[in-house]
Amino acid sequence: MDLIKSIAVAASGLRSQSGRMRVISENIANADSGPERAGAEPYRRKVPTFQRHFDRTLDAQLVALGKVQRDQSAFRVKHDPGNPAADAKGDVQMPNVNSLVEMVDMREAQRSYEANLNLISSTRRMIQRTIDILRA
């Protein structure tokens with residue numbers, strides 16, 4: 001495989017995982033934020049998607065962050081009669097974000113990011129070694 005192509009493929013992975021971590025961070029930040037008023041919906045979890053595309057210049061498949069979709073699962077319900085957003089029963093709808101799931105997703109994204117970064121570093125070292133050999 002062409003070394004420059006491998007760097008480009010890994011760089012597309014870095015950009016994608018960086019975007020994924022941004023979305024996950026937003027989910028974590030809003031995990032406990034309730035609705036502003038009664039009858040309003042709380043924050044809805046966002047789910048990043050990926051899409052691949054073919055780069056004709058590089059003759060390679062690259063990955064990119066696709067549309068960020070809204071998770072349509074049910075909201076959590078918390079009994080808090082003193083909350084201004086509580087319904088007649090005293091229940092408040094809370095975001096459908098599970099912090100544990102988000103932390104696992106974040107760790108997975110970090111590991112993928114690190115793997116792509118290691119690939120770029122290794123490829124750069126191979127290029128440098130090749131240049132050193134050619135100079136000698």
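How many of the 136 residues of the chain count as buried? The share is 33%, where buried means under 20% relative accessible area, exposed means over 50%, and partly exposed lies in between (1.4 Å probe, protein chains only).

A word on how to read what follows. This is a predicted model, in which local features need pLDDT of at least 70 and side-chain atom pairs count only at pLDDT 80 or more, while totals for chains, interfaces and linings use all residues. Residues are numbered from 1 along each chain as its sequence is written, and side-chain values use heavy atoms, with hydrogens and water left out.

## The whole chain

Let us begin with the overall plan. The chain has 2 helices and 4 strands; these are DSSP runs, with helices being H or I of at least four residues and strands being E of at least two, numbered from the N terminus. Along the sequence they follow the pattern α-β-β-β-β-α. The radius of gyration is 22 Å, well over the 14 Å that the globule rule gives for 136 residues, so the chain is more spread out than a compact globule. Here the radius is taken over C-alpha atoms, and the rule is 2.2 Å times the number of residues to the power 0.38.

The C-alpha trace spans about 80 × 25 × 15 Å along its principal axes. The accessible surface of the chain comes to about 9100 Å², and 52% of that belongs to carbon and sulfur atoms; such areas come from the Shrake-Rupley method with a 1.4 Å probe, and for residues only the protein chains shown count as cover. Contacts, meaning heavy atoms within 4.5 Å, also tell us about the fold. Among those between residues at least 6 apart in sequence, 59% join residues at least 24 apart.

## What the record says

UniProt, in an unreviewed entry, lists two domains that can be set beside the model. Its positions are given in the numbering used here, feature names are shortened, and annotations may be inferred rather than shown by experiment.

| UniProt domain | Residues | Distance between end C-alpha atoms | Helix | Strand |
|---|---|---|---|---|
| Flagellar basal body rod protein N-terminal | 8-32 | 38 Å | 88% | 0% |
| Flagellar basal-body/hook protein C-terminal | 92-132 | 65 Å | 83% | 7% |

## Two paired strands

Now look at strand S4, residues 91-94. Which of its side chains are buried? Val92 and Met94 point to one face and are buried, while Asp91 and Gln93 point to the other and are not. Strand S3 (residues 76-79) pairs with S4 in the antiparallel sense over 4 bridges; two strands pair if DSSP finds at least two bridges between them. One residue with a bridge partner in S4 is Arg76, whose partner is Met94.

## Residues of helix H1 and their partners

Helix H1 covers residues 3-29, and Ser12 lies in it. Ser12 is buried, with a relative accessible area of 1%. Leaving aside neighbours within four places in sequence, Ser12 is in contact with Leu62 and Val63. A polar atom of the Ser12 side chain lies 3.3 Å from the backbone nitrogen of Val63.

Asn27 is also in H1, and counts as buried at 1% relative accessibility. What lies 2.8 Å from a polar atom of its side chain? The backbone oxygen of Lys46 does. Beyond its neighbours within four places in sequence, Asn27 is in contact with Tyr43, Arg45, Lys46, Val97 and Glu102. The C-alpha atoms of Asn27 and Pro95 are separated by 9.1 Å, although these residues are 68 apart along the chain.

Lys46 itself is found in strand S1, residues 46-55, and is buried, with a relative accessible area of 17%. Its side chain makes a polar contact with the side chain of Glu26 at 2.7 Å. A polar contact is a pair of N or O atoms within 3.5 Å; within protein, one must be able to donate a hydrogen and the other to accept it, and residues adjacent in sequence count only if both atoms are side-chain atoms.

## A loop and the last helix

Asp59 lies in the loop between S1 and strand S2 (60-70). Asp59 has a positive phi of about 60° although it is not a glycine.

Finally, find Tyr113 in helix H2, residues 99-135. Is Tyr113 buried or partly exposed? Tyr113 is partly exposed, with a relative accessible area of 29%. Not counting residues up to four places away in sequence, Tyr113 touches Leu14, Gln17, Ser18 and Met21. The C-alpha atoms of Tyr113 and Arg15 are separated by 8.6 Å, with their places 98 residues apart along the chain.
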